[in-house]
Amino acid sequence: MTDLSHLARLVEELGNAKILCIGDVMLDRFVYGSVTRISPEAPIPVIRVQRESAMLGGAGNVVRNATALGASVKFLSMVGDDLPGREVMEYVAGDKLVEPYIQIERNRPTTIKTRFIAGGQQLLRSDNETTSPPADTTLTHVGDLAAQLTPDVNAVVLSDYGKGLVDSHLIRATIDAARAAGKTVIVDPKGNDYSRYRGATLVTPNRAEAEAATGIAVNNDEDAIRAARHIIENCGIENVLLTRSQDGMTLVPASGEAIHLPTEAREVYDVSGAGDTVVACLAASIAAGSTITDAARIANVAAGIVVGKIGTAVVYPDELITLLHHHDLMIGEAKLMKLDRMVDRVERWRRKGYTVGFTNGCFDLLHPGHISLLQQARSQCDRLVIGLNSDASVKRLKGETRPVQSEAARAAVLGSLETVSGVVIFDEDTPIEVISALKPDVLVKGADYTIETVVGADIVQGYGGKVFLAQLADGFSTTSTIARMNKKPD
């Protein structure tokens, strides 16, 4: 087994991880639009809002990343008694892998971060928050809960965003309970005094945080080691994983040699939430039985994937496994995926400003007619998704002798084409469910259809998308090809 295959096997075990995540949850809002003019009132751009979305942020993003990896999470946090707080509660309740312990603090707003994005670029961020401490009774209750929940998990995460929940009492109660139960504690730190995290197994400062906490400028590998050793020796921390953006990561243990992990990113679109991905991946890997070194290496790969996505995104196990097994492939470009994963990918494409096209078919024996259709389809969009009939669906539509090739083989052939950006296999007779979920900007079919007879045309046109009828190449069809193959020679 190769070294990378070993890490891939460890990723397959992440579904066994049980984590306690404690920290400041917030609501991340994203407002997308276009900018075509400057305001006459002030020299600022005017954004024409086209759509909005929201998701869990802060410690909530750690939880999102952990459950995306398959880990089960007990989530201990706090929201205000307000509408955003209830929205946070709904998102948490919607994740079946999360066991929530969300405290409600009256007269305290839920933290909201709103990002305004146009043309794939963030124009402005607005924060609605308070950093004053919660009521003493709330902090005491949270500390008691942390101590009670710790024995039932494999690893504990303290996600400190400096919003008031992760105070000295909670930190001490959590770390003491974890050490007594023999559990790993991973801290995403805040502030300049890391001695408050004394006894933690691992802290994960970024470059700027490490410089602020130690006074040591981190310009190279040697500086990173010095800063990490300063934290270990002066603050009672066992291990430090220092994240260094384009320079990768440096893992420094209390004893033994430091390890430098070069960045895995091929392209960087957004570093928002990358630290949360690293912490979640570390916790899930360690909780599933990995060593800290292997967990750091897996987390480094995950960070390289997530920075290629827009917004506070997550990483999935199949993305990690694909990259580890096929390290020479473009990060995150495995094309065949389930519908819910494809919806997530399409959303990320749109955040980058790409238009998305869709066409569908059996594609049993790929011939020049198919190639022409796909080339015409791709000319109408930036990214093209193929809806592929499953074997059972083809059999119902074409007869008992079809398909000639399995759905896996057909998907592999389609995925090898440069024109194709993604493949979704559907089991129904029509792709109406896929179209409704993906909401493509362009729906493509052959010119043997009319717009009125194209399945899903009414849906796509209803939200402003278009239907494109591609010209068919004469003389090619799978049915006629099979007939010629089966024809007995004279």
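Which residue does the side chain of Arg86 meet in a salt bridge? The partner is Asp81, with nitrogen and oxygen 3.4 Å apart. This is a predicted model, so it helps to keep that in mind as we walk through the charged pairs and then the cysteines. Arg86 is partly exposed at 43% relative accessible area, and Asp81 is partly exposed too, at 37%.

That pair is one of 23 salt bridges in the structure. Let's move on to another, where the side chains of Arg207 and Asp247 meet at 3.0 Å, N to O. Arg207 belongs to helix α6 (residues 207–214), while Asp247 sits in the loop between β11 (239–243) and β12 (249–253), so this contact ties together parts that are 40 residues apart in sequence. Arg207 is buried, with a relative accessible area of 17%, whereas Asp247 is partly exposed at 34%.

The loop between β11 and β12 also holds Arg244, which pairs with Asp221 of helix α7 (residues 221–235), a residue 23 positions away in the chain. In this salt bridge the closest N and O atoms are 2.9 Å apart. Asp221 is partly exposed at 31%, but Arg244 is buried, with only 2% relative accessibility. Elsewhere, salt bridges with shared partners join Arg51, Glu347 and Arg351 into one network.

Now for the cysteines: the count of disulfides is 0. Take Cys281, whose nearest cysteine sulfur, that of Cys21, is 14 Å away. A disulfide needs the two sulfur atoms within 2.5 Å, so Cys281 is in no disulfide. Cys281 is buried, at 1% relative accessible area, and Cys235 is buried as well, at 10%.

Note on methods: Residues numbered from 1 in each chain as written. Predicted model: local features only at pLDDT ≥ 70, side-chain atom pairs only at ≥ 80, totals over all residues. Heavy atoms only, no water. Buried < 20%, exposed > 50% of the residue type's maximum accessible area, 1.4 Å probe, protein only. Salt bridge = Lys/Arg side-chain N within 4 Å of Asp/Glu carboxyl O. Helix = DSSP H or I, 4+ residues; strand = E, 2+ residues; numbered from the N terminus.
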